[in-house]
Amino acid sequence: MRGTDPRIVLGLHRSRHERRLLTVALDLGVTALDTSTNYLGFRSHQVLAQAARDLLPKFSLSTKVGYFPGPDSAEHSLNPVRLQAAVEQAIRDLGREPDLVFLHNPEHSLQGAPPQNRDVLAQACAALDAAAAQGLCGAWGVASWEPSPLSSLIDTTAPRPSVLMVRAGLLVGTRTLDATDGLAKAWSLSDSAVWGMSPFGGSTRAPVWERVDPRVFLRSRSGFSRAQAAFRAAYHLPHVSAVAVGTDEPTHLGELTDALAGEVDERAVHEYRSLLRDRLRTQPV
């Protein structure tokens, strides 16, 4: 890593929110939790507080706002009033203020590029900035699954996030990697303020991990599994200081913490990104 030690954030996206895993995480030195208002059928905050209210002060806790229960399914909104209300509800459900609140997938409500989208994004950012100023959360950020549409919408006069969270890892395409670099530059965010998520693209059991050997990205392949190497490489694709990863298996979490000892070959990563860009240029339109 460039100037910072890599960290693991325990993500609760597909988690059963079991107390056992949280205690194991603390034992392993994983002291950051990430959830969202819409996880676990919009019950994540409540279930987390019920299962481990006494443990939550030991974690740095981040959550996300932007999705809301709808009549048929979840709906997305960047309405400042709804975002403020969601942060306030998160505090009530968790029993504490989050350390960090992300604006969740703002691109979901910013389809296309109508002129007002820049203002819509700026107002949503201002709402979370105001929430942080009011003490409703320690800081705010942006979590984006597909950051490319945001690149042209950044208003440098609007409040800027403290953290940007994006997809990371070997399955992330070059457009997403380049868009992340562009957003981080536009918001003047260092590597330490960028987090990754979904380092395995959904599952370590996906067939792709049988076909490739990510250990080519480590300076020393000995002692690391393919999954560990893929996880370690994710901190450099793009450059991030932390990766949010979900699991319900304490053993798997332990393997991931062990993977942080691996040293990534920066030259191999650079060559890989160059290959991705070359492939994109040669693909037919």
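**Close-up views: rings, cysteines, a cavity and unusual backbone**

A search through the whole structure turns up four aromatic pairs. This is a predicted model, where local features need pLDDT of at least 70, side-chain atom pairs count only at pLDDT 80 or more, and totals for chains, interfaces and linings use all residues. Residues are numbered from 1 along each chain as its sequence is written, and side-chain values use heavy atoms, with hydrogens and water left out.

**View 1. F217 meets Y272 edge-to-face.** The ring centres are 5.4 Å apart and the planes make an angle of 80°. For Phe, Tyr and Trp (its six-membered ring), rings pair if their centres lie within 6.5 Å; planes under 30 degrees apart are stacked, over 60 edge-to-face, and the rest tilted. This pair links distant parts of the chain, 55 residues apart: F217 is in the loop between α7 (208-211) and α8 (226-233), while Y272 belongs to helix α10 (residues 266-282). Helices (H or I, at least four residues) and strands (E, at least two) are DSSP runs, numbered from the N terminus. F217 is buried because its relative accessible area is 7%, and buried means under 20%, exposed over 50%, partly exposed in between (1.4 Å probe, protein chains only).

**View 2. F200, F231 and Y235 form a cluster through ring pairs.** Within it, F231 and Y235 pair edge-to-face, with 5.4 Å between centres and 90° between planes. Both F231 and Y235 are buried. R232 joins the scene too, lying over the face of Y235 at 5.4 Å from the ring centre. A charge sits over a ring if NZ of Lys or CZ of Arg is within 6 Å of the ring centre and within 35 degrees of the ring normal.

**View 3. R82 sits over F68.** The charged end of R82 is 4.2 Å from the centre of the F68 ring.

**View 4. C125 and C137 are in no disulfide.** The structure holds zero disulfides (pairs of cysteine sulfur atoms within 2.5 Å). For C125, the nearest cysteine sulfur is that of C137, 13 Å away. C125 counts as buried because its relative accessibility is 3%, and C137 is buried too, with a relative accessible area of 4%.

**View 5. C125 also helps line the largest cavity.** A cavity is a set of points, on a 1 Å grid over the protein atoms alone, where a 1.4 Å probe fits but cannot get out; lining residues have an atom within 4 Å of a point. The count comes to one cavity of 30 Å³ or more, and the largest has a volume of about 50 Å³. That volume is the space filled by probe spheres set on the points, which are joined across faces, edges and corners. Its lining includes L121, A122, L153, D155 and W187. By class, there are eight nonpolar, no polar and one charged residues (nonpolar: Ala, Val, Leu, Ile, Met, Phe, Trp, Tyr, Cys and Pro; charged: Asp, Glu, Lys and Arg; polar: the others, Gly among them).

**View 6. L237 and P238 are joined by a cis peptide bond.** Omega is about -5° here. P238 is in the loop between α8 and β10 (242-246).

**View 7. F42 and N105 have positive phi values.** Most residues other than glycine have a negative phi. For F42, in helix α2 (residues 39-42), phi is near 65°. F42 is partly exposed because its relative accessibility is 28%. N105 has a phi of about 45° and is found in the loop between β6 (100-104) and α5 (117-133). At 12% relative accessibility, N105 counts as buried.

Notes: 1 Å grid on protein atoms, 1.4 Å probe; cavity = no way out; pocket = protein on both sides within 12 Å on 5 of 7 lines; lining within 4 Å.
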